[in-house]
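Dear colleague,

Please find below the structure I agreed to hand over. My notes on what was found in it follow directly after.

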Amino acid sequence: MQPVREVIIVGGGLAGLTAAIHLSKAGLHVTVIEKHPYPRHKVCGEYISNEVLPYLQWLDADPGVLSPALIERVCISTVAGRKVETRLPLGGFGISRFALDAFLMEKAVNNGVQLLQDTVTNVSFVNEQFAIETAANGTLFAAHAIGAYGKRAALDQQLNRDFWEKKSPWLAVKAHYQADFPDGLVALHNFRGGYCGVSKVEKNIVNICYLASYEVFKHYRNIDEHRREVLYENKFLKEIFTNSEPLFERPLTISQVSFSEKKKVEQHILMTGDTAGLIHPLCGNGMAMAISSAQLAAQQILDGQPRLALEKAYTRKWNQQFAKRMKAGSLLSTIFTHPWLSGLTMGTVVAMPVLLPFIIRQTHGKPLSV
């Protein structure tokens with residue numbers, strides 16, 4: 001029989017690797033199971049708020065060594081061509097998931113984390129321990145389990161998670177480009193049925209990632225036609241795309257992007273990152289939230305409370321830290337996907353620019369204490 005590991009983390013993205021680094025730094029034996037090889041590109045806005053920077057530095061995982069693009073300003077535009085810009089209260093940085101995940105993986109392995117490239121097919125909890133069935137490594141056992149496998153996976157269906165049966169109307173598209181885009185800026189451009197984030201990452205590369213309504217998208221033959229006929233209605237997006245050179249052969253896409261409410265603990269597994277809840281990309285802060293949730297999960301395991309108390313504490317602290325942001329993100333998404341609401345809101349913000357930093361603060365947190 002396999003020995004009982006201290007912690008198994010299902011998924012080796014931002015949240016999974018960050019939690020692994022934190023727990024291994026404290027001396028725990030951690031195993032991360034990730035089905036994909038490193039490094040690889042992912043559909044992601046690739047902007048991180050500086051709120052998590054002190055924590056990453058405490059983990060000895062300072063992303064500054066990767067020469068990220070520093071970001072200090074944000075601009076928002078509507079389909080009608082109205083635009084407003086302001087400074088970000090905390091600022092942030094742009095870094096590709098290709099570079100960041102590989103960096104964190106190397107840090108985790110150097111800390112002694114066991115990394116298995118494998119697929120988890122089932123998780124059960126019996127006699128106060130987890131039995132985690134995998135395709136290649138058999139059944140592994142652990143005292144604690146963390147879910148960090150992303151937005152949507154077959155494991156969600158196996159766990160009978162509530163959101164699985166709900167159809168999502170969203171499609172996400174991302175690619176890298178060579179373009180003349182301002183330094184220090186993250187732009188959020190609204191279009192009919194969605195919105196698009198544009199910012200630089202390392203090596204002066206421009207990341208363009210957008211969320212599109214499938215209800216609008218289905219009327220067009222493909223991504224290229226949808227972009228020309230829908231995204232180009234926003235003059236700022238048309239200018240960006242027509243003056244950019246794609247660096248990917250084809251854009252990356254994911255469908256069934258769900259913003260439904262998710263439980264933070266499922267069958268005693270602590271859920272982190274997008275596995276615990278996905279904030280609308282319009283808020284541009286999902287990466288920071290993933291890292292923050294990893295800190296919460298690691299801290300609760302290290303506190304050594306009885307399991308029921310640990311799970312209640314994790315859920316409570318997750319909600320304290322993120323529930324308000326999630327509601328704000330949902331509200332902003334509703335506003336910016338309805339033309340008359342977005343026009344009214346932008347008109348108000350243009351007339352009263354002081355409102356924009358206030359709105360941004362509703363979707364961002366304070367610097368993490370360590």
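In these notes, helices (H or I, at least four residues) and strands (E, at least two) are DSSP runs, numbered from the N terminus. In that numbering, Glu-128 lies in the loop between β7 (120-126) and β8 (129-134). Its backbone deserves a look, since Glu-128 has a positive phi of about 65° without being a glycine. Please bear in mind throughout that this is a predicted model.

I begin with the interior. The largest nonpolar core comprises 66 residues, and Ile-9, Val-30 and Ile-48 have the most contacts inside it. The element that gives the most to this core is helix α8 (residues 286-303), with 10 residues. A second core, set apart from the largest, has 27 residues, including Val-198, Val-216, Ile-223 and Phe-248. As a general matter, nonpolar side chains in soluble globular proteins tend to be buried together.

Which residues does Ile-48 contact, beyond its neighbours within four places in sequence? They are Gly-92, Phe-93, Ile-95, Leu-100, Met-287, Ala-288 and Ile-291. One of these contacts, Leu-100, is a buried residue of α3.

Three helices merit individual comment.

Helix α1 (residues 14-25) has 12 residues and spans 16 Å between its first and last C-alpha, close to the 16 Å expected at 1.5 Å a residue. Because 11 of its 12 residues are buried, α1 is largely enclosed by the rest of the structure. The buried residues run from Leu-14, Ala-15, Gly-16, Leu-17, Thr-18 and Ala-19 through Ala-20, Ile-21, His-22, Leu-23 and Ser-24. Their cover includes the strands β1 (4-10), β2 (30-34) and β9 (139-147), together with the helices α2 (53-58), α3 (97-110) and α8. Just beyond the end of α1, Gly-27 adopts a positive phi of about 100°.

Helix α8 has 18 residues and reaches 26 Å from first to last C-alpha, close to the 26 Å expected at 1.5 Å a residue. With 14 of its 18 residues buried, α8 is therefore also largely enclosed by the rest of the structure. Gly-304, just after α8, has a positive phi of about 75°. This glycine sits in the loop between α8 and α9 (307-336). Is Gly-304 buried or exposed? Its relative accessibility is 58%, so Gly-304 counts as exposed, the cut-off for that class being over 50%. The C-alpha atoms of Gly-304 and Val-173 lie 41 Å apart, with their positions 131 residues apart along the chain.

Helix α3 has 14 residues and extends 19 Å from its first C-alpha to its last, close to the 20 Å expected at 1.5 Å a residue. Its buried residues are Arg-97, Ala-99, Leu-100, Asp-101, Phe-103, Leu-104, Lys-107 and Ala-108. They pack against α1, β3 and α8. After α3 comes Gly-112, which has a positive phi near 100°.

How do α1 and α8 meet, and at roughly what angle do their axes cross? The axes come within 8 Å and cross at roughly 35°, and the crossing is right-handed. On the α1 side, the contact involves Leu-14, Ala-15, Thr-18, Ala-19, His-22 and Leu-23. These meet Met-287, Ala-290, Ile-291, Ser-293, Ala-294, Gln-295, Ala-298, Gln-299, Ile-301 and Leu-302 in α8. Taken together, the residues of this contact divide into 11 nonpolar, five polar and no charged.

Some further local features may interest you:

- Tyr-38 and Pro-39 are joined by a cis peptide bond, with omega about -15°. Pro-39 belongs to the loop between β2 and β3 (47-49).
- Ser-67, although not a glycine, has a positive phi of about 55°. Ser-67 lies in the loop between α2 and β4 (69-77) and, at 53% relative accessibility, counts as exposed.
- Ile-335 is found in helix α9 and is buried, with a relative accessible area of 15%. Ile-335 and Thr-345 are 10 residues apart in sequence, and their C-alpha atoms are 7.7 Å apart in space.

With kind regards

Definitions and conventions. Residues are numbered from 1 along each chain as its sequence is written. This is a predicted model: local features need pLDDT of at least 70, side-chain atom pairs count only at pLDDT 80 or more; totals for chains, interfaces and linings use all residues. Side-chain values use heavy atoms; hydrogens and water are left out. A nonpolar core is a set of buried Ala, Val, Leu, Ile, Met, Phe, Trp, Tyr and Cys residues joined through side-chain atoms within 4.5 Å. Buried means under 20% relative accessible area, exposed over 50%, partly exposed in between (1.4 Å probe, protein chains only). Contact means heavy atoms within 4.5 Å. The expected span of a helix is 1.5 Å times one less than its number of residues. Axes are lines fitted to C-alpha atoms, for helices over the stretch in contact, and angles run from 0 to 180 degrees between N-to-C directions. A crossing is left-handed if the near helix is turned anticlockwise from the far one by less than a right angle, and right-handed if clockwise. Ala, Val, Leu, Ile, Met, Phe, Trp, Tyr, Cys and Pro count as nonpolar, Asp, Glu, Lys and Arg as charged, and the others, Gly among them, as polar.
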